[in-house]
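Here are a few exercises to work through with the structure on your screen. Try each task yourself before you read the solution.

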Amino acid sequence: MNKRTLHAVATALAATVALTAVGCTDGKSGGGQGKNAGKNPATSNEGKVVGGTPQKGGTLTVLSDQDFTHLDPARNWVVRDMDFGTRLLYRTLVTYKAEPGAKGGELTPDLAEDLGVSSNRAKTWTFKLKKGLKYEDGTPITAADVKYNVERSFSPDLPGGPDYAARYLVGADGYQGPAKGKHLASIKTPDDHTIVFELRKPFAEFPYATVLPTFSPVPKDQDKGPRYDNRPFSSGPYKIERYDRDKQMVLVRNPHWDPASDTVRKAYPDRMVVVMGLKANQIDDRLIASQGPDASAVSWGQMRPASAPKVLTKTDVKARLLAESTNCTEMVQMHTGRAPFDNVKVRQAVQYALDREAVMTATGGPALNDTATALMPGSLFGGKQPDTLSIPVTGDVEKAKQLLKEAGKPDGFSTSITVSNGDKGIGEAVQQSLGRAGIKVTVETVDPSAFYDSIGDTKSRTDLIYTGWCPDYPSGSTFLPFVFDGRYIKEKGNSGNHSLFRDKPTMQRMDEIAAMTDTAQANKAWQELDGQILAKAPTMPAVIERYPLLLGTNVAGAFGHTSFGGQVDYATVGLKEPAKSKN
């Protein structure tokens with residue numbers, strides 16, 4: 001987007017909010033997720049189920065502008081893909097409840113009979129699998145299959161997935177996966193229904209980690225290495241009938257999934273069809289009109305900011321809008337290992353130059369977002385982020401220029417930023433705001449399905465990256481270590497730490513906090529460390545986004561799940577009248 005378009009969107013959104021609400025946020029106080037519920041016109045469905053209870057049957061269509069990043073459970077660590085994979089295709093030892101609002105952050109057993117039993121001061125965890133669980137071909141799911149998938153997550157040819165196993169399991173250092181017959185002795189399977197994990201340090205939150213796709217089963221005889229991404233073998237309520245990359249995926253019922261063993265997934269539709277490669281504005285317009293098959297469709301990606309006035313001013317359409325907080329902090333991450341960003345003053349100059357208000361406007365304005373003032377989202381600060389740096393929301397250009405002068409860059413410099421295709425307007429907002437201080441930014445765009453693989457290549461990536469991080473569960477231990485611990489940086493398939501930050505005092509403090517047994521003390525320590533890291537300027541937080549999703553008029557049982565970044569919970573969504581979904 002050019003500057004004129006950004007201003008046009010901002011004006012339209014401001015007018016929309018003025019027409020439909022009183023007392024909305026001005027976007028100048030960060031970390032306010034949820035504070036406008038009941039006032040912000042976009043949040044009228046926050047914490048609610050939309051459309052009533054679905055009826056069984058029919059075809060639910062998902063309209064998407066992109067393919068999945070990864071569906072292989074060893075590689076699936078993008079929050080929306082995790083929602084789709086773990087709710088439809090494969091089950092994990094433990095999962096989240098299918099509930100709107102805060103209850104969605106509560107755990108419930110999935111493959112396991114309970115939430116696990118700890119011993120040895122929370123360094124040993126034992127899970128018992130339910131009896132009678134089967135794959136899509138009717139063969140039994142075993143504890144050895146869960147162990148195998150955890151082990152394959154270490155394979156160098158399967159990068160990008162969750163690395164909790166690498167961080168916590170005994171003997172994980174240097175392990176390269178099971179391809180050559182090597183196995184982790186720290187994962188024991190004494191029988192088909194028991195799996196035991198031996199951890200190198202106490203981890204009271206380990207059951208939360210077992211929600212992740214890493215802890216789902218993969219039978220060894222079905223593993224095809226990197227090609228498993230194209231056809232994961234189902235342990236969930238649906239299996240893949242057809243998958244044409246970048247075009248379409250069709251899911252049909254898994255006849256061997258037993259609903260009696262599953263308290264979470266309702267599996268209302270008979271079929272699910274994901275239509276890919278559509279234009280974002282086309283998706284919005286089709287769902288606003290909600291005609292024919294589109295009445296039985298949901299959007300995969302966020303509603304475009306330009307579509308907000310068409311939605312928020314129409315009561316019947318606004319009633320079909322989900323807009324839960326993503327609980328994720330979007331930020332500009334700087335390559336701290338490459339000049340000139342190895343100079344802290346240059347990085348601080350970026351912090352002061354960034355116009356977060358312009359970025360917020362590019363992402364949908366105050367009706368859909370809050371500006372960020374800390375690294376971790378407000379949910380990890382008791383509801384609201386602190387304003388540690390006290391930088392004006394529109395930036396401080398003179399301060400940025402002063403810092404550049406002190407860094408020996410009085411005339412600025414040239415650099416590049418990588419953004420996803422759909423975030424080009426955000427890239428331009430960063431470009432324009434940094435340009436005011438003399439930092440000339442070239443915006444490079446990448447297809448969403450290839451974005452994380454592209455920025456995960458630490459040698460070929462650009463200096464700047466616009467991306468975000470969502471806590472896997474409500475603890476600072478799932479945010480700061482994954483974004484700023486330099487010991488887990490990978491040359492390829494790098495995740496989280498895209499600033500390539502390797503600061504020894506920070507890492508030492510992380511270890512000290514991780515060893516704390518008092519949860520309240522640890523939470524306070526994570527909050528303090530947040531500000532200490534921010535002062536070292538590896539990144540600049542920009543916004544906390546909501547995730548606006550449009551639904552067709554025939555969709556029921558829909559809500560944005562707080563633990564899946566506000567994405568619709570595919571465990572419960574279905575149709576009001578299945579017969580109307582037939583083409």
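A salt bridge here is a side-chain nitrogen of Lys or Arg within 4 Å of a carboxyl oxygen of Asp or Glu. You're looking at a predicted model, so local features need pLDDT of at least 70 and side-chain atom pairs count only at pLDDT 80 or more, while totals for chains, interfaces and linings use all residues. Residues are numbered from 1 along each chain as its sequence is written, and side-chain values use heavy atoms, with hydrogens and water left out.

**Exercise 1: salt bridges**

Find the partner of Glu-106 in a salt bridge, and work out whether each of the two is buried or exposed, or in between.

Step 1. Look around the Glu-106 side chain: Lys-97 is its salt-bridge partner, with the closest N and O atoms 2.9 Å apart.

Step 2. Now check the accessibility (buried means under 20% relative accessible area, exposed over 50%, partly exposed in between, with a 1.4 Å probe and protein chains only). Glu-106 comes out at 31%, so it's partly exposed. Lys-97, at 29%, is partly exposed too.

**Exercise 2: a pair from distant parts of the chain**

Locate the salt bridge of Arg-253 and say where its two ends sit.

Step 1. The side chain of Arg-253 meets that of Asp-270, at 3.0 Å from N to O.

Step 2. Place the ends: Arg-253 belongs to strand E9 (residues 248-253), and Asp-270 to the loop between E9 and strand E10 (271-275), 17 residues apart. Helices (H or I, at least four residues) and strands (E, at least two) are DSSP runs, numbered from the N terminus.

Step 3. Arg-253 has 25% relative accessibility, so it counts as partly exposed. Asp-270 has 33%, which means partly exposed as well.

**Exercise 3: another pair, and a network**

Compare the accessibility of Lys-580 and its partner Glu-577.

Step 1. These two form a salt bridge, their closest N and O atoms 3.1 Å apart.

Step 2. Lys-580 reaches 53%, so it counts as exposed, whereas Glu-577, at 42%, is partly exposed.

Step 3. Elsewhere, look for shared partners: Arg-91, Asp-110, Asp-262 and Arg-265 are joined into one network. The full count by this rule is 29 salt bridges.

**Exercise 4: a sheet and its edges**

Work out the strand order in the sheet of 5 strands, and explain why E8 and E11 each have a side without a neighbour.

Step 1. Trace the pairing (two strands pair if DSSP finds at least two bridges between them). The open sheet runs E8-E9-E10-E1-E11, and its pairing is mixed.

Step 2. Strand E8 (238-244) and strand E11 (297-299) are at the edges with a single partner strand each, so one side of each has no neighbour in the sheet.

Step 3. Zoom in on one pair: E8 and E9 are antiparallel over 6 bridges. Asp-244 has Gln-248 in E9 as its bridge partner.

**Exercise 5: the other sheet**

Which strands are the edge strands of the sheet E4-E5-E7-E6?

Step 1. This open sheet has 4 strands and antiparallel pairing.

Step 2. Strand E4 (117-119) and strand E6 (187-191) are the edge strands, each pairing on one side only.

Step 3. E4 pairs with strand E5 (residues 124-128) in the antiparallel sense over 3 bridges. Within E5, Thr-124 is the bridge partner of Ser-119.
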